[in-house]
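Grab your viewer and a coffee. Here are a few exercises on a ligand site and a pair of strands, each with a worked solution.

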Amino acid sequence: MSYENILVETQGKVALIRLNRPKALNALNDALMGELGEALLAFEADEQIGCIVITGSEKAFAAGADILGMASLNFIDVHKGEFITRNWETIRRIRKPVIAAVAGFALGGGCELAMMCDFIIAADTAKFGQPEVKLGIVPGAGGTQRLPRAVSKAKAMDMCLTGRMMDAVEAERAGLVSRIVPADKLLEEAMTAAGNIADLSLPVVMMIKDSVNRAYESTLAEGIKYERGQFYSCFALEDQKEGMKAFIEKRPANFKNA
Ligand code: CAA
């Protein structure tokens, strides 16, 4: 399938999606988000793929929702048409792991998109922020909800109320990103991490993703109960037999996703 606003490729069991509107610093317009959703659904359905990486350019992961497309809209336009956020929810339907590899600006919707991924690997050039307040709007794709869950109320309030940016070091210290790497190693690191995940048992990986996400949407007791069910289910898999047998035989496991 060919796209105009993203570039897609596969490397072994890993799918790579590059946001590609360089002149607008990958500003996320309707066309780009539509294509991103289509590509994600296609890779979700592709049995060869075990993990997905989303990245941008050296200068920007994405500088937010497209301000030019929003500037003249009124309340009815955005409310009735679910403008901007209409096709932003597709990523939540993806059960395979999705890694954000972020270099440069991840602002507004760009930061929100990165937070919708399962974890963020940041280049040392990465800059995160929710600058919507400076445009006279509130973050519209989860910034006020996912950021406090990732970095604490104090830091999220600071970011959303002042609109300032935080660099990669601050973002890692705050818990927004899982690791920082030199910019020229970003893609290699993200693809290696994705490749390692893709070599594991996909049903188990999907259960882990589902279970960790549960932690944000349930009480501790409900979450523990949910995890217990997932844990017990693993024992119905051939991959559990293979994983433990391989450990005992001191050899790498050969998972069959079964
Ligand atoms: N939408 C549309 N175009 C954008 C854009 C955006 N979010 N961000 C950057 N661009 C465009 C600029 O207009 C500029 O285009 P021209 O060359 O045609 O003028 C081009 O990208 C390069 O940008 P700059 O010249 O501004 O580059 P810079 O290096 O000087 O500054 C920046 C970089 C600090 C990221 C700056 O571009 C900026 O502040 N961008 C806007 C960031 C922002 O406010 N994002 C939030 C958007 S609202 C949102 O996301 C809502 C939501 O929650 C869903």
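A residue counts as near a molecule if one of its heavy atoms lies within 4 Å of it. This is a predicted model, so local features need pLDDT of at least 70 and side-chain atom pairs pLDDT 80 or more, while totals for chains, interfaces and linings use all residues. Numbering starts from 1 along each chain as its sequence is written, and side-chain values use heavy atoms, with hydrogens and water left out.

**Exercise 1.** Find which residues come nearest to the ligand, and sort the shell by class.

*Solution.* Start with the 23 residues around the ligand: Ala65, Ile67, Gly109, Glu112 and Glu132 come nearest. Then sort by class: 14 are nonpolar, four polar (Gly is counted here) and five charged (Asp, Glu, Lys and Arg).

**Exercise 2.** Track down polar contacts of the ligand (pairs of N or O atoms within 3.5 Å).

*Solution.* First, take the ligand's oxygen atoms: a polar side-chain atom of lysine 59 lies 2.9 Å from one, and a backbone N or O atom of glycine 109 sits 2.7 Å from an oxygen too. Next, a ligand nitrogen is 2.9 Å from a polar backbone atom of alanine 63. Finally, the area: alone, the ligand exposes 980 Å², and the protein buries 63% of that (Shrake-Rupley, 1.4 Å probe).

**Exercise 3.** How do strand 1 and strand 2 pair?

*Solution.* Strands are DSSP E runs of at least two residues, and pairing takes at least two bridges. Strand 1 (residues 6-11) and strand 2 (residues 14-19) pair antiparallel over six bridges. One check: valine 8 has isoleucine 17 in strand 2 as its bridge partner. Now the turn: two residues separate the strands of this hairpin, and glycine 12 there has a positive phi of about 60°.

Conventions
A polar contact is a pair of N or O atoms within 3.5 Å; within protein, one must be able to donate a hydrogen and the other to accept it, and residues adjacent in sequence count only if both atoms are side-chain atoms. Helices (H or I, at least four residues) and strands (E, at least two) are DSSP runs, numbered from the N terminus.
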